[in-house]
Amino acid sequence: MKEKALLIGRRRAIVGVVTEPDPTSKNSTATAVLLLNAGMIHHAGPGRIYVKLARRLAQSGVSSVRFDLSGVGDSPVRSDHLPVVMAAIQEPREVMDDLQKMGFKRFILAGLCSGAYCAFRTALEDERVSGMALINTMSLKGELEMASRVWEQRYLKTSIYSRQAWKNLLTGKVQYTRLMKAIASKLNPFNRMGSSKKMDETLVEEIRLLTGRGQKIFFLCAEKDISVQYLQVVLAGELQGFIASGMVEQEILPGANHLFTKHDHQEQMINLASSWIVQEANSSGD
Amino acid sequence: MDESSVNSSIIQDLVRPLYRGSGKSPLYSCLHVPVQASKTRGGVVLCNPVGNEYYYSHQALRQLATRLARHGYQVLRFDYFGTGDSIGEEVEAAVERWMVDISEMIDEVKQLAHCEHVTVVGLRMGAALCWKVVQSRNDVKRVVLWEPVLDGKAQLEEWRCQQAAHDEAYGYPELVKQTETLGISLPSSLIAEIESVRLSAIRPCDKDVLLVANSSDSAIHRVVNDIEKSGAQIVYKKTADGKFWLETDLESLVPGSSLSLIVDWIAELP
């Protein structure tokens, strides 16, 4: 395994670390992985999980780059005032341009939380992406109107049966505003007339576009994370259809939470993510 | 040069990521370079907290590095062995090794900034560790102890309470033995080393010291007196900034008044 720190992107201002297999390794793939910031956490990832994932991938012959979007972690803020939602797509593409010059042909994007959003949106714009590992995705479109419906699912399908959830409610360990919004959403007569059963048709079409182009998706969800309910709401019955097509996979990691704050869960997540990525990197038509 | 004289809107901050240090275990670091390199005023090394405090305070330390670079300093931030992007596994992490890392990074910044004397800033555990290192070095004239951990046992107890509250909120079984802090491994050898960390003056020294803390309890005053007795010139400043090193990334506020205090203190000294 070899690691080097470098400045990448068109302006040479994005700080990143490339992790490569040992130079003597004979099974290196021509597919590289981009690890995208989890929220505002810098490129090491929460609990250092991106570092561990990158090193595990290198052991299996897969190179990766973990980097900070402008203004996050070690990368300075942009001076051109490009909106962050645009930079979040443009900068991964610039990183891919640089990796292409280094000899890589295809790319797998992986990200936790907003990193998953960034991976999904970038893949829609760039066909060099062969696959995405979307970990604990809470939004694929930035859609705020879905939030109450997603939390409503969580509270009514899971929390209501959990002794711990009731204890948290009584001891002030829940977000009461979010809970009240979810209750209000449930009581809204317009929602009760059926709209809450609707999936997000635009998102479904976007996933059809990606999978139609051969871009595979791996949804990796922690059981205690809202991503499980999010996918149930936005994709509804379509999720099983996508999974049946073989282009989309989903794994739910029992007991884990949003940031994998237990060491055992981190290990399990890294095992699942690296297995999927290595398999895709080896089969993505180098 | 005061903060207001720096027009941040026209400055492109310069950051150089590096792997530096000895042998086969180089450390990940970021060198913040003054825009006008010809006007370099010296070198500064920033020493991180450890555990999850490292993540939550990352933004604050980067801001500090950026501001100091705008005042003409070459500033080196780095990850200790077995933390962040540096080589090494968490189970190999060791306090003794981290102190060697601090010493090596002081040498590095002297070389990179072409200077003879260095300022060292340590946050939380970084403050306790850097203080131990710099007391035996004549090339460090100024030290900033920022919200220092005064007693390693208290740090471990704080982590144990956080872990217990976290486990209870998620319904996880309580840990019988302290083996991790919110997903970061704590090998028993590291726990033993952290337990023995104390911030105190161990030898006479003639350094300029700034201690910044949001607490003014008796323990802080004891440390201030202790350092003063060693011959150091210590300035103690109480700030109103909250415990930003305990807040998650989205809730964490950059501790503006502490940053200004530290930058002004460093920049004002000749």
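Okay, let's start with a term: two residues are in contact if their C-beta atoms, placed from the backbone, lie within 7 Å. Keep that one handy. This is a predicted model, so local features need pLDDT of at least 70 and side-chain atom pairs count only at pLDDT 80 or more, while totals for chains, interfaces and linings use all residues. Residues are numbered from 1 along each chain as its sequence is written, and chains are lettered from A and ligands numbered from 1 in the order in which they are written.

Let's put that contact rule to work on V224(B). It sits in helix α7 (residues 218–229) of chain B; helices here are DSSP runs of H or I with at least four residues, strands are runs of E with at least two, and both are numbered from the N terminus. Which residues does V224(B) touch, leaving aside neighbours within four places in sequence? They are L211(B), I234(B) and Y236(B). As for L210(B), it is 14 residues from V224(B) in sequence, and their C-alpha atoms are 9.7 Å apart.

Is V224(B) buried, exposed or in between? We call a residue buried if 20 or more other C-beta atoms lie within 10 Å of its own, exposed if 12 or fewer, and partly exposed in between. V224(B) has 18 C-beta neighbours inside 10 Å, so it counts as partly exposed.

Now over to chain A. It has 11 helices and 8 strands, and of its 286 residues, 46% count as buried. Take the contacts in chain A with a separation of 6 or more: 72% of them are between residues 24 or more positions apart.

My favourite bit is strand β5 (residues 106–112) of chain A, where 7 of 7 residues are buried. In a regular strand the side chains alternate between the two faces of the sheet. Here R106(A), I108(A), A110(A) and L112(A) point one way from β5(A), F107(A), L109(A) and G111(A) point the other way, and all are buried.

What does β5(A) pair with? Two strands pair if DSSP finds at least two bridges between them. Strand β3 (residues 31–36) of chain A runs parallel to β5(A), joined by 6 bridges, and V33(A) stands opposite I108(A). Strand β6 (residues 129–135) of chain A is also parallel to β5(A), again with 6 bridges, and there L109(A) has M132(A) as its bridge partner.

Between β5(A) and β6(A) comes helix α3 (residues 114–125) of chain A, and the three make a right-handed β-α-β unit. Right-handed means that, with the strands pointing away from the viewer, the path from the first strand over the helix to the second runs clockwise.

Just past β6, in the loop between β6 and α4 (147–157) of chain A, you'll find N136(A). Most residues other than glycine have a negative phi. N136(A) isn't a glycine, yet its phi is positive, about 50°. It counts as buried because it has 28 C-beta neighbours inside 10 Å.

Back to A110(A) for the core. A nonpolar core is a set of buried Ala, Val, Leu, Ile, Met, Phe, Trp, Tyr and Cys residues joined through C-beta atoms within 7 Å. The largest one has 148 residues, and A110(A) and I262(B) have the most contacts inside it. Helix α4 (residues 125–134) of chain B gives the most to this core, 8 residues. Beyond four places in sequence, A110(A) touches residues including V33(A), A133(A) and I277(A).

And I262(B)? It is one of the buried residues of α8(B), along with S258(B), L259(B), L261(B), V263(B) and I266(B). Those buried residues pack against, among others, α2 (58–70) and β5 (118–123) of chain B.

Last stop, the place where the chains meet. The contact takes 30 residues from chain A and 25 residues from chain B. On chain A's side, β1(A) gives the most, with 5 residues. By class, that side has 12 nonpolar, 11 polar and 7 charged residues; Ala, Val, Leu, Ile, Met, Phe, Trp, Tyr, Cys and Pro count as nonpolar, Asp, Glu, Lys and Arg as charged, and the others, Gly among them, as polar.

One residue to look up afterwards is F260(A), in the loop between β8 (248–253) and α11 of chain A. Its contacts beyond four places in sequence include P46(A), M269(A) and, over in chain B, G183(B). F260(A) is buried, with 26 other C-beta atoms within 10 Å.
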